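Open the model in your viewer and keep the selection panel at hand. This tour goes stop by stop.

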Amino acid sequence: NKEWRDFYFAKAVFNFVDQTDGDILARYWVFDDGTSEQVIDPNIHTMQHTYLNKGLYNPSLLIVFKDQSKQRVFLQESIEVIWQFQGNLNQAIIQTL
């Protein structure tokens with residue numbers, strides 16, 4: 001029953017924070033689920049992303065500096081999204097590996 005699945009579908013929200021210093025021009029967050037997000041404002045250091053499917057993800061961040069140099073940053077851990085059935089609801093659980 002599609003309506004039941006949609007009604008009980010859970011989302012896994014993850015908050016990313018970049019602590020890179022320097023003259024940053026832009027940040028390109030790559031979430032490893034086929035989506036990415038570009039942030040032009042150098043004062044925004046955080047990004048929130050919702051994973052819609054269970055799986056193992058290795059997100060990264062490409063930082064572009066004002067001198068056009070680039071730096072790619074990876075999380076030290078992978079993100080694993082799993083689903084657990086709790087009562088009448090699917091619960092999304094995010095853990096780092």
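**Stop 1: D18**

Select D18, in the loop between β1 and β2. Strands here are DSSP runs of E with at least two residues, helices are runs of H or I with at least four, and both are numbered from the N terminus. D18 is buried, at a relative accessible area of 6%. The classes are buried for under 20% relative accessible area, exposed for over 50%, and partly exposed in between, with a 1.4 Å probe and protein chains only.

Show the side chains of D18 and T20: a polar contact of 2.5 Å links them. Add R27, whose side chain makes a polar contact of 2.6 Å with that of D18. A polar contact is a pair of N or O atoms within 3.5 Å; within protein, one must be able to donate a hydrogen and the other to accept it, and residues adjacent in sequence count only if both atoms are side-chain atoms.

Now select what touches D18. Leaving out neighbours within four places in sequence, the contacts are I24, R27, W29, H45, L61 and I63. Contact means heavy atoms within 4.5 Å.

A note on what you have loaded: it is a predicted model, where local features need pLDDT of at least 70 and side-chain atom pairs count only at pLDDT 80 or more, while totals for chains, interfaces and linings use all residues. Residues are numbered from 1 along each chain as its sequence is written, and side-chain values use heavy atoms, with hydrogens and water left out.

**Stop 2: the whole chain**

Zoom out and colour by secondary structure. The protein has one helix and nine strands. From the N terminus, the order is α-β-β-β-β-β-β-β-β-β. Of the 97 residues, 28% are buried. Among contacts with a separation of 6 or more, 54% are between residues 24 or more positions apart.

**Stop 3: the largest nonpolar core**

Select F16, W29, F31, M47, Y51, I79 and V81. These touch the most other members of the largest nonpolar core, which holds 15 residues. Strands β1 (12-17), β2 (24-30), β4 (46-51), β6 (60-65) and β8 (79-86) each supply at least two residues of this core. A nonpolar core is a set of buried Ala, Val, Leu, Ile, Met, Phe, Trp, Tyr and Cys residues joined through side-chain atoms within 4.5 Å.

**Stop 4: F31**

Stay with F31, in the loop between β2 and β3. Is F31 buried or exposed? It is buried, with a relative accessible area of 3%. Not counting residues up to four places away in sequence, F31 touches F16, S36, E37, M47, H49, Y51, Y57 and P59. Measure across to N58: the C-alpha atoms of F31 and N58 are 7.1 Å apart, with their positions 27 residues apart in sequence.

**Stop 5: H49**

From F31, step to H49. H49 lies in strand β4 and is buried, at 9% relative accessible area. Its side chain and that of D33 are joined by a polar contact of 2.8 Å. Beyond four places in sequence, H49 touches A12, V13, F14, F16, F31, D33 and T35.

Pick V13 from that set. V13 sits in strand β1 and is partly exposed, with a relative accessible area of 41%. V13 and H49 are 36 residues apart along the chain, and their C-alpha atoms are separated by 5.7 Å.

**Stop 6: the largest pocket**

Select V17, W29, L61, V73 and L75. These lie nearest the centre of the largest pocket, which is lined by 15 residues. The elements giving two or more residues to this lining are β1, β2, β6 and β7 (70-74). Strand β1 gives the most, with four residues. By type, the lining divides into 11 nonpolar, three polar and one charged.

A pocket is found on a 1 Å grid over the protein atoms alone, as an open set of points where a 1.4 Å probe fits, with protein on both sides within 12 Å along at least five of seven lines; lining residues have an atom within 4 Å of a point.

**Stop 7: two positive phi values**

Select D32, in the loop between β2 and β3 (36-39). Phi of D32 is near 65°, a positive value in a residue other than glycine. D32 is partly exposed, at 38% relative accessible area.

Finish at Q68, in the loop between β6 and β7. Q68 is not a glycine, yet its phi is positive, about 75°. Q68 is partly exposed, with a relative accessible area of 48%.

Conventions: Nonpolar A, V, L, I, M, F, W, Y, C, P; charged D, E, K, R; others polar.
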